[in-house]
Amino acid sequence: MKSVDLNLLTALDVLLSERSVTKAAYRLGLSPSAMSRTLSRLRISTGDQLLVLAGRTLVPTPYAEQIRERVHDASQNARAVLQPATSSFDVSKLERTFTIRANDSFVELIGAPLMAAITKTAPRVRIRFVSKPDKDARPLREGMIDLEVGVLGTAAPELKTRVLFRDRFVGICRAEHPFLTKMTAKRYASYQHVVVSRKRQYSGPVDDALGQSGLSRTIVMVVPTYANAMQIVRYSDLLGLVPHSCLDNGLTGRHSRSAGIQHFELPVQTPEIKVSAIWHPRLHADPAHRWLRDIIFTICENAFS
């Protein structure tokens with residue numbers, strides 16, 4: 001296919017509108033001689049004279065009259081496609097379903113305030129949360145999900161990230177648990193534990209820290225969610241481990257989730273948890289996606305500031 005200079009389309013649109021090389025040159029910021037050369041190129045490309053002299057003025061040929069409206073429409077459409085995407089973005093008219101992959105605790109944390117914020121500005125937007133069985137980058141790369149929230153755990157170099165908040169692990173036990181009378185690392189390790197894992201990896205940073213002191217804990221139960229762990233701890237002597245963000249907070253008004261549960265600072269040091277929004281560069285400049293990211297960031301900033 002012969003290459004086409006789209007600048008010629010705009011030039012032809014202006015020439016047919018002005019019917020004057022001088023006026024067309026002025027509108028396009030060109031010299032009259034440059035505009036004359038452009039008209040010559042247009043005549044060669046189309047095989048038609050397009051504009052011809054009638055006395056001292058230029059008049060369109062029958063072919064030029066025939067294509068004038070099509071040229072104008074094509075020129076306007078090309079301008080619309082090539083202008084910045086944000087200039088035509090109206091969030092109030094946005095109709096879109098965003099798929100977000102996150103764990104259950106984040107869904108509980110942000111689900112209600114996120115929907116409240118979206119409803120005010122974009123009532124036709126729908127949020128679809130999906131479970132997070134792993135940290136594979138493939139769903140982001142292939143467009144199966146729009147956004148992931150969690151700890152970055154993939155080596156995919158192209159992914160974009162933005163830290164939403166910083167968290168930490170805390171221990172949990174039932175109210176009035178004997179451990180609360182003396183919270184040492186040795187006593188912590190001596191109790192039986194319930195852990196949260198979606199894979200067969202049951203140890204983590206707490207076990208590494210205990211191991212540095214020659215200690216190890218006994219894991220007797222593994223559950224898939226932090227909510228499960230909290231429920232089991234409430235009615236047993238098992239100790240559990242959850243992110244601090246899982247506890248009751250003013251963001252969602254959950255006043256009963258931690259009823260009967262006592263949380264405590266761990267008797268060993270563990271690394272900080274950095275919770276991030278993660279997305280593929282394909283969506284980085286998309287105005288609707290950027291709008292969603294900003295809303296989630298603002299909610300998290302207000303919750304954890």
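These legends accompany close-up views of a predicted model.

**View 1. Five strands line up as an open, mixed sheet.** Reading across the sheet, the order is β4-β3-β5-β12-β6. At the edges sit β4 (125-130) and β6 (160-167), each of which has a pairing partner on one side only. From one strand to the next, the twist averages 20°.

**View 2. Strands β5 and β12 meet in antiparallel fashion.** Here we look at residues 147-150 of β5 and residues 273-279 of β12, joined by three bridges. To find your bearings, start at G150, whose bridge partner in β12 is S276.

**View 3. Helix α5 lies across four strands.** Residues 104-121 make up this helix, which lies across β3 (96-101), β4, β5 and β6. Compare its direction with that of β4: α5 runs at about 175° to that strand.

**View 4. Helix α10 lies across β3, β4, β5, β6 and β12.** This helix covers residues 287-304. Its course makes an angle of about 15° with β6.

**View 5. Cysteines C173 and C300 are in no disulfide.** A search of the whole structure turns up zero disulfides. For C173, the nearest cysteine sulfur belongs to C246 and is 16 Å away. C173 counts as buried because its relative accessibility is 0%. For C300, the nearest cysteine sulfur is again that of C246, here 13 Å away. C300 is buried too, with a relative accessible area of 3%.

Technical notes
Residues are numbered from 1 along each chain as its sequence is written. This is a predicted model: local features need pLDDT of at least 70, side-chain atom pairs count only at pLDDT 80 or more; totals for chains, interfaces and linings use all residues. Side-chain values use heavy atoms; hydrogens and water are left out. Two strands pair if DSSP finds at least two bridges between them. Helices (H or I, at least four residues) and strands (E, at least two) are DSSP runs, numbered from the N terminus. Axes are lines fitted to C-alpha atoms, for helices over the stretch in contact, and angles run from 0 to 180 degrees between N-to-C directions. Contact means heavy atoms within 4.5 Å. A disulfide is a pair of cysteine sulfur atoms within 2.5 Å. Buried means under 20% relative accessible area, exposed over 50%, partly exposed in between (1.4 Å probe, protein chains only).
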